[in-house]
Amino acid sequence: MCEQILGIEPATEEEKPKPRTSQADKWAMHLAAAEQFFAREGHLTVPRKHIETIAIGDGQAQRDVPLKLGTWVDNQRRRAATLTPERMEQLSKVGMRWT
């Protein structure tokens, strides 16, 4: 009805919104960024405004994603009491200092 009466056409694939990223996926991306930073710098003392760019995907579907790593690391330190033991262990492995 929208097409015939109003002349509205369905959205193309480029016009459709991107699928939402789950919290688990966001955690995994930030952890990968922390690992990349640690491998390059040898520590996880990240400046608060630091942005780390990581590559997501593989082959031709690969894209660079900028992440606010400094803010994320600071937030994880502040929320240490509420983190799961698994997440604390993951962060400790990449050199997180908790105090």
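**Helix H2, its covering elements and the largest pocket**

The buried residues of helix H2 are covered by elements including strand S1 (52–56), strand S2 (63–67), helix H3 (69–78) and helix H4 (85–93). The model described here is predicted. The buried set of H2 consists of Trp27, Met29, His30, Leu31, Ala33, Ala34 and Phe37. In an α-helix there are 3.6 residues a turn, so residues three or four places apart point the same way.

H2 covers residues 23–41, a run of 19 residues. At 1.5 Å a residue, a span of 27 Å is expected for H2, and its end C-alpha atoms are 27 Å apart, which agrees. Gly42 follows H2. The phi of Gly42 is positive, near 85°.

Not every position of H2 is covered. Ala39 belongs to H2. Its relative accessibility is 67%, so Ala39 counts as exposed, the cut-off being over 50%. The C-alpha atom of Ala39 is separated by 8.5 Å from that of Val94, although the two residues are 55 residues apart along the chain.

Helix H3 was examined next. H3 is mostly covered, with 7 of its 10 residues buried. These are Leu69, Gly70, Trp72, Val73, Asp74, Gln76 and Arg77. The cover over the buried residues of H3 includes H2, S1, S2 and H4. Within H3 lies Gln76. The relative accessible area of Gln76 is 6%, so Gln76 is buried, the cut-off being under 20%. Leaving aside residues up to four places away in sequence, Gln76 touches Trp27, Leu83, Leu91, Met96 and Trp98. One of these, Trp27, is itself among the buried residues of H2.

The two strands pair with each other. S1 and S2 run in the antiparallel sense and are joined over 5 bridges. Ile54 stands opposite Val65 in S2. Ala55 stands opposite Asp64 in S2. In a regular strand, side chains alternate between the two faces of the sheet. S1 and S2 form a hairpin, with 6 residues between them. Gly57, in the turn, has a positive phi of about 90°.

Empty space was also examined. Rolling a probe the size of a water molecule over the atoms shows where such space is left. The largest pocket holds about 220 Å³ of space. H2 and S2 are the elements that give two or more residues to the lining of this pocket. The lining consists of Lys18, Pro19, Arg20, Thr21, Asp25, Met29, Ile56, Arg63 and Val65. By class, these residues divide into 4 nonpolar, 1 polar and 4 charged. Met29 links two parts of this description: Met29 is buried in H2, and Met29 also lines the largest pocket. Val65 likewise appears twice, as the residue in S2 opposite Ile54 and as part of the pocket lining.

The segment before H2 was sampled at Thr12. Thr12 lies in the loop between helix H1 (2–6) and H2. The relative accessible area of Thr12 is 38%, so Thr12 is partly exposed, a class that runs between 20% and 50%. The C-alpha atoms of Thr12 and Gln60 are separated by 21 Å, with their positions 48 residues apart along the chain counted as the distance apart.

Definitions and conventions:
Residues numbered from 1 in each chain as written. Predicted model: local features only at pLDDT ≥ 70, side-chain atom pairs only at ≥ 80, totals over all residues. Heavy atoms only, no water. Helix = DSSP H or I, 4+ residues; strand = E, 2+ residues; numbered from the N terminus. Expected span 1.5 Å × (residues − 1). Buried < 20%, exposed > 50% of the residue type's maximum accessible area, 1.4 Å probe, protein only. Contact = heavy atoms within 4.5 Å. 1 Å grid on protein atoms, 1.4 Å probe; cavity = no way out; pocket = protein on both sides within 12 Å on 5 of 7 lines; lining within 4 Å. Points joined across faces, edges and corners; volume = space filled by probe spheres on them. Nonpolar A, V, L, I, M, F, W, Y, C, P; charged D, E, K, R; others polar. Pairing = 2+ DSSP bridges.
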